[in-house]
Amino acid sequence: MVSAKRVPHMLRPLQPLSLFVSALFLYSSAAPAAPQINSGVSAPPSVVVIGFVGGFVRHNDRVHSEVQLAEHLRKDFPSGVTVEMFENHRGKEAHQRVLELLDTDRDGEVSGGEKESARIIIYGHSWGASETVNLARQLEKDGIPVLLTIQVDSISKGGQNDTLIPANVAQAANFYQRNGLLHGAPAIHSADPARTRIIGNFRFDYSAKPLRCEQYPWFSRTFMKSHIQIECDPAVWNQVESLVRSNLLPAATDASRQSFQRVDSSIANTVPRNR
């Protein structure tokens, strides 16, 4: 770990990319890791929720809102929903885990019927948001539908396109801010508008009312200020959680549709849309 005394000297020769990597490394050390929670279930889940953390954050670091959301869902849905968190560089493992969960007859492959009954939600922050779209794209190649993707201040990883949502995704939402060294993609688009509904691109601005995010290290709060603030903003993650929960009910029921309409209306009334 880089000591606070050496940071000023080290920053002078850093190029933007190396500064970004150094910042993310320190950002990942915000708090000691908690014991990994085993969310595996013996019965096939009706919904699979996959979350990706950003930067070099550990999948079980409770400082981060995406991890807290996973814990809320596990607590409130102890059965029927499988929730798992991954580091953003573990996209292949997440993909394999989804296939395992969908293989309900345990014959080693996902049948056509198992694909049709898949109900998958994916979300993430920063590089984790980019990996969210990448996983959805891998599932498209498998012929597997995705209910919902949610990106929070999405930072594109090398070789990935985090702005074009594949056609196997039914709904997609993007939350972002545009200040500071790191800022998210301002708009996502659907590869097939007839199959994918873009719920919206919702911009947040912390210039007038910054958040303190005191649990994050000083380096992150200084050099990744707005990028961190959108991650620790309860207003953002309450909306993310509402969108996820609205899709945990059977998609065909009136209750699910009404819940989704309330959430969408709530977002439209409280968060300015990007113009």
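This is a short conversation about how the sheet, the aromatic pairs and the nonpolar cores of this predicted model are recognised.

Reader: What should I know before we start?
Author: Welcome! The model is predicted, so local features need pLDDT of at least 70 and side-chain atom pairs count only at pLDDT 80 or more, while totals for chains, interfaces and linings use all residues. Residues are numbered from 1 along each chain as its sequence is written, and side-chain values use heavy atoms, with hydrogens and water left out.

Reader: How do you know that E4 and E6 pair?
Author: Helices (H or I, at least four residues) and strands (E, at least two) are DSSP runs, numbered from the N terminus. Two strands pair if DSSP finds at least two bridges between them. Strand E4 (residues 146–152) and strand E6 (residues 169–176) are joined by 6 bridges and run parallel, so they pair by this rule. One of the bridge partners is Ala 172 in E6, matched with Thr 149. E6 also pairs with E8 in the parallel sense, over 6 bridges, and there Phe 175 has Phe 202 in E8 as its bridge partner.

Reader: What makes E2 and E8 the edges of the sheet?
Author: The open sheet has 6 strands in the order E2-E1-E3-E4-E6-E8, with parallel pairing. Strand E2 (81–87) and strand E8 (197–203) each have a single partner strand, so one side of each is left without a neighbour in the sheet.

Reader: Why is E6 called largely enclosed?
Author: Buried means under 20% relative accessible area (exposed is over 50%, partly exposed in between, with a 1.4 Å probe and protein chains only). In E6, 7 of the 8 residues are buried, so this strand is largely enclosed by the rest of the structure.

Reader: Why is the pair of Phe 52 and Phe 86 called tilted?
Author: Rings of Phe, Tyr and Trp (its six-membered ring) pair if their centres lie within 6.5 Å; planes under 30 degrees apart count as stacked, over 60 as edge-to-face and the rest as tilted. Phe 52 and Phe 86 are 6.3 Å apart centre to centre with 45° between the planes, so the pair is tilted. This pair links distant parts of the chain, with Phe 52 in strand E1 (residues 47–53) and Phe 86 in strand E2, 34 residues apart. Phe 52 has 0% relative accessibility, so it counts as buried, and Phe 86 is buried too, at 5%.

Reader: What makes Phe 204 and Tyr 206 a stacked pair?
Author: Their centres are 6.5 Å apart and their planes 15° apart, so the pair meets the rule for stacking. Phe 204 is buried at 11% relative accessibility, and Tyr 206 is buried at 6%. Together with Phe 175 and Phe 202, they form one aromatic cluster.

Reader: Why is a group of residues called a nonpolar core?
Author: The name means a set of buried Ala, Val, Leu, Ile, Met, Phe, Trp, Tyr and Cys residues joined through side-chain atoms within 4.5 Å. The largest such core has 30 residues, and those touching the most other members include Val 49, Ile 150 and Phe 175. H9 gives the largest share of this core, 5 residues. Apart from it lies another core, of 23 residues, among them Leu 102 and Leu 139.
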